[in-house]
Amino acid sequence: MVDTQSATTGVRGRRIWLTLAIVAVLLGGALWLYGRGGGPLPASWSFLSPAEFDALAPSGPAETVLRTVRLAGFERAAVGEAGGVAVLRLEMPGVSSAVDAEIGWQIGFAALSVGYADASEYVVQLFEGDRGLLEVSADGAAAREAVEADDPAALREASRFTYLREADGR
Amino acid sequence: MRGALQNRLSRPLCGVLTTAVVLLSLAVGAWAAGEDGYSHVWQAQGAITGDRGSTVQSVLQSEMTLGRDGESFTGAVTYRDLLGVDSGSGPRSQEAMIELVLSGALLEGGTRAGGTFDGVAVLTDRSADSLEAAVADTVPALSSGVQTRVRVRGHWGANLSGDRATGEILYESVVLEQGPGTGVDAQFFNRVSESGPSGPGDPQTFEVVLAASGTTPDEPDSPVAGGSGEPAEGGDARSGNASSGLTPGQIWNYILRGLTGSRDRRPIGMPPVLTDPARSLAQATPAGARELPAGSIAIDRDVSGAYLDEKNRAAGVLDEVGAQQAAGDVEAMRSLAPGIPAPPPGEAAQSYADRILAALDGLADGETELREELRILAEAPLPPDPTQVLELRTLAFAAEAVRDAGAYGSVLGVTAEQAQRVADKRIEPGPAADAVLASALDPMAPRDAREVAQFEWSAADDIEGGLAKRPSQAAETVSGLLGDSGPVVSWEGDGGEMLTAPGDLSAYRRAEGTLFWTAAPIEGFALRDATLGGWAFSTARVAVVEAAHVGRWVAVFPASGVR
């Protein structure tokens, strides 16, 4: 009889804790989604990546890169990151010498190294219009080291170059 | 015993059920918010009745949102209908599309709100066999009709009761943008006045559940933007709005948006002449290239270049000394590149092909394919066209850049410093920040930042500090645009090709360096200097902007076309 009561009390206790846990998970999940959705929360909750757009807020990684290349005179560019690989596609305003191409990828690597400071790899693609010319990629740490040292030769050593062609093989 | 057991079993379920009921009630609240809308009664419906004829209306779409952020209100209307009219001269069909953007404020007493709206309306007039056929869903697909596009403006007001707003919209200004527009004025868009045919008419009506500003997930694109409404990259911090008075529906809205992870839909207000090449760049898939990651952000597709420039300007990084140093480093690199004589006429293609082959030295992937490309080109029976020559020239420079990489200096350091300034510098409130908001089409932008009625230099409006300099002349004059004869500016607008023909244009340079050109004789447009402070490339440009919306470009031209 005593054992039965003890077992019943134990079951009841487990149910109470289970219920509290479920409610806590539900409320916690709702609160997390609320913050992620852009609800009015302190700025310190920004790790939740809110969906709300704030034009005057500090720029995120992509916007930092795009603002930097815009400062350098590039009108069009696209940037994104996935799996630690940050890719920047730059439209060259005009390539009038070989140096212009190198200026393009140096600016690209420098901007990426600041915007995506933890990336494992950087990729800079140079385009003229929508015609791909050249892709330059480098290990993230090596590229950041070259940028910090302002050393183009080191960047060149760390880089892999690929000529791009039209998709139809032209 | 059995009852006690059931009681014990039901307790834990109660907590779960209670939570579910709360969430369900929130969902119901959110669902209810989507049922309100805007109703439109045309003049013809009030005037053509009885012996005068008959009308029939079919509403295809009617959506309205109105958000409250403290004492500020923003909203949008998207409306589309078909109206059949028969006044004795044969049935006609009118298809109407109306898109409005509302902004306003809480009025005294706190139970009313009001403000202004701005938008576009597109009316398409068609003949029809009958009134029933005039409002058939298939009408738009069967006949193109005669289209009239107008810009509409006016005022709105609403009574507030809890989270509901019941109000009126009065059209007060109609400006023809395209098409015949016969008889289309402000009165045309209002209801027939009960006090008589004179005057502007009676307002249209709406009823809507208020939402927190910026929480309308399906907010339509800005009516005059014509943009795609792609999500835009934003910052990481909160704007801190709507910190009080949240309704269950608003909370549920935040939760839903957190679930989908989708950012606010914000129109970037760019014309196709800018967005089309931006899309081409972002969507290109050249052989050998990595794919752009999903969710990549492209200038002029997802975020406007004007917004990025204004943000740089407001942060004070546009005219920094660092930019001058970077420009110096770029010029130093270029000066070290050896000059190469231009190839003789007729031999350019072969000359550049030879240079490419000379530069290929096993340093890059894709060399085999490039050699094959050159071989095919050499076997072509016809001489290469100028486009191919230009392509070969660019490829030659790219191949030589790979071969000589690192030999001409560096802009790595100065660029990284500039990027760090971009990431670190905060934007202080003020006119420059207002320009950022205006370029982002943010409802938080002051109305006078979005609507510039007068382009005149005003010292009182100058941005103080920084490298600001007072102009030596308050006005500059240019004699034409894009050539000596018949300067015509054309661009592809929402309604097709748009034209304006500015004559002599005067301009002023504001203290922060922005050059504003006076509005063209055709009302509503002005030219604006869109020069980037680029150190690597000279990309001076001139933009035609709508005077009513600073930063909303409608066309961009090389500055070399302006004298």
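User: Two strands pair if DSSP finds at least two bridges between them. With that in mind, what joins β4(B) to strand β5 of chain B?

Analyst: This is a predicted model, so everything here is computed. β4(B) and β5 (residues 112–127) of chain B are joined by 15 bridges. The cut-off is at least two, so they count as paired. The two strands run antiparallel, and Ala105(B) stands opposite Gly114(B) in β5(B).

User: What about strand β3 of chain B, how many bridges join it to strand β4?

Analyst: There are 14 bridges between β3 (residues 72–86) and β4 (residues 92–106), again with the strands antiparallel. One partnership to look up is Leu82(B), whose bridge partner in β4(B) is Glu95(B). Five residues sit between β3(B) and β4(B) in this hairpin, and in the turn Gly88(B) has a positive phi of about 105°.

User: How do you know whether α3(A) has the span its residues should give?

Analyst: Set the two values side by side. Its 18 residues should span 26 Å at 1.5 Å a residue, and the end C-alpha atoms are 26 Å apart, so the two agree. As for cover, 18 of the 18 residues in α3(A) are buried.

User: And helix α13 of chain B, how far does it reach from its first C-alpha to its last?

Analyst: α13 (residues 412–424) reaches 18 Å with its 13 residues, close to the expected 18 Å. Its buried residues include Leu412(B), Gln418(B) and Val422(B). The buried set packs across both chains: against α2, α3, α4 and α5 of chain A, together with α8 and α9 of chain B.

User: Why does Arg67(A) have no salt bridge?

Analyst: A salt bridge needs a side-chain nitrogen of Lys or Arg within 4 Å of a carboxyl oxygen of Asp or Glu. The nearest side chain of opposite charge to Arg67(A) is Glu63(A), 4.6 Å away, so the cut-off isn't met. Arg67(A) is found in helix α2 of chain A and is buried. Beyond its neighbours within four places in sequence, Arg67(A) is in contact with Ser59(A), Leu308(B), Lys311(B), Asn312(B), Ala315(B), Val317(B) and Val422(B).

User: What makes the contact between Glu135(A) and Arg290(B) a salt bridge?

Analyst: Their side chains meet at 3.7 Å, N to O, which is within 4 Å, so the pair qualifies. Glu135(A) lies in strand β4 of chain A and Arg290(B) in the loop between α7 and β10 of chain B, so the pair joins two chains.

User: Which of those two, Glu135(A) or Arg290(B), is buried and which partly exposed?

Analyst: Glu135(A) has a relative accessible area of 4%, under the 20% cut-off, so it is called buried. Arg290(B) comes in at 29%, between 20% and 50%, so it counts as partly exposed.

User: How many salt bridges does a search of the whole structure find?

Analyst: The search gives 20 over all chains. One of them is Glu331(B) with Arg334(B), at 3.3 Å, N to O. These two are three residues apart in helix α9 of chain B, so about one helical turn separates them. Glu331(B) has 46% relative accessible area and Arg334(B) 23%, so both count as partly exposed.

User: And what is the N to O value for Glu372(B) and Arg375(B)?

Analyst: That salt bridge is at 2.6 Å. Both residues lie in helix α11 of chain B, three residues apart, about one turn of the helix. Elsewhere, salt bridges with shared partners join Asp100(A), Glu331(B) and Arg334(B) into one network.

Notes. Residues are numbered from 1 along each chain as its sequence is written. Chains are lettered from A and ligands numbered from 1 in the order in which they are written. This is a predicted model: local features need pLDDT of at least 70, side-chain atom pairs count only at pLDDT 80 or more; totals for chains, interfaces and linings use all residues. Side-chain values use heavy atoms; hydrogens and water are left out. Helices (H or I, at least four residues) and strands (E, at least two) are DSSP runs, numbered from the N terminus. The expected span of a helix is 1.5 Å times one less than its number of residues. Buried means under 20% relative accessible area, exposed over 50%, partly exposed in between (1.4 Å probe, protein chains only). Contact means heavy atoms within 4.5 Å. Lys and Arg count as positive and Asp and Glu as negative; His and the chain ends are not counted.
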